Amino acid sequence: AVAASAGSSGIGVGRSDAQSNYPGLVLAHLARFKQYPGEARAQARGGIARVRFTLDGGGRVTGVALAQGSGHADLDQESVAVVRRASPFPPPPGGRPQSFTLPVRFGLR
């Protein structure tokens with residue numbers, strides 16, 4: 001019971017888990033906002049773009065740029081747009097600004 005109450009209060013084990021898994025939380029949050037450009041989907045185009053972005057202490061995006069293109073302009077544009085659409089992200093642990101460079105994958109199964 002003690003561990004459960006410590007985790008639910010955000011202190012102790014739960015807090016360190018949130019800190020160690022924060023990049024995973026950011027990636028999962030981003031995935032919920034991704035949209036596959038219609039023309040790229042129709043032509044079965046895929047690729048991976050990498051975006052670089054910074055979050056302030058409240059999880060708001062303060063800057064975003066394409067770090068590496070996918071080879072398709074529409075996928076690259078969506079990769080930057082999805083970061084803006086997803087703002088605000090869950091606040092970073094400790095309220096400290098953080099920067100990320102993450103892949104945005106587009107693929108048809």
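**Exercise 1. Helix on sheet**

Which strands does helix α3 (residues 22-31) lie across, and at about how many degrees does α3 run to β3?

Solution. This is a predicted model, where local features need pLDDT of at least 70, side-chain atom pairs count only at pLDDT 80 or more, and totals for chains, interfaces and linings use all residues. Residues are numbered from 1 along each chain as its sequence is written, and side-chain values use heavy atoms, with hydrogens and water left out.

Step 1. Fix the terms. Helices (H or I, at least four residues) and strands (E, at least two) are DSSP runs, numbered from the N terminus. Axes are lines fitted to C-alpha atoms, for helices over the stretch in contact; angles run from 0 to 180 degrees between N-to-C directions. Contact means heavy atoms within 4.5 Å.

Step 2. Read off the packing. Helix α3 lies across β1 and β3. Its angle to β3 is about 45 degrees.

Step 3. Place α3 in the chain. The protein chain has five helices and three strands. Their order from the N terminus is α-α-α-α-β-β-α-β.

**Exercise 2. The sheet**

Work out the strand order, then find the edges.

Solution. Step 1. Two strands pair if DSSP finds at least two bridges between them. The three strands make an open sheet, ordered β2-β1-β3, with antiparallel pairing.

Step 2. β2 (61-68) and β3 (98-106) each have a single partner strand, so one side of each has no neighbour in the sheet. Both stand at the edges.

Step 3. Neighbouring strands are turned by 25 degrees against each other on average, direction ignored.

Step 4. Check one pair. β1 (residues 47-55) and β3 are antiparallel over nine bridges. Ile48 has Arg105 in β3 as its bridge partner.

**Exercise 3. The largest pocket**

Which residues line the largest pocket, and which elements give two or more of them?

Solution. Step 1. Define the space. On a 1 Å grid over the protein atoms alone, a pocket is an open set of points where a 1.4 Å probe fits, with protein on both sides within 12 Å along at least five of seven lines; lining residues have an atom within 4 Å of a point. Volume is the space filled by probe spheres set on the points, which are joined across faces, edges and corners.

Step 2. The largest pocket holds about 150 Å³. Its lining is Leu27, Leu30, Ala31, Lys34, Pro103, Val104 and Arg105.

Step 3. Assign the elements. α3 and β3 each give two or more residues to this lining. Arg105 appears here and also as the bridge partner of Ile48.

**Exercise 4. Salt bridges and burial**

Classify the partners of three salt bridges as buried, partly exposed or exposed.

Solution. Step 1. A salt bridge puts a side-chain nitrogen of Lys or Arg within 4 Å of a carboxyl oxygen of Asp or Glu. The count is four. Buried means under 20% relative accessible area, exposed over 50%, partly exposed in between (1.4 Å probe, protein chains only).

Step 2. Arg45 meets Glu39 at 3.9 Å, N to O. Arg45 is buried because its relative accessibility is 17%. Glu39 is exposed, at 54%.

Step 3. Arg60 and Asp56 have their closest N and O atoms 3.2 Å apart. Arg60 is partly exposed at 48%; Asp56 is buried at 19%.

Step 4. Arg85 meets Glu78 at 2.4 Å, N to O. Glu78 is buried at 9%. Arg85 is partly exposed at 30%.

Step 5. Look for shared partners. Glu39, Arg45 and Asp74 are joined into one network.
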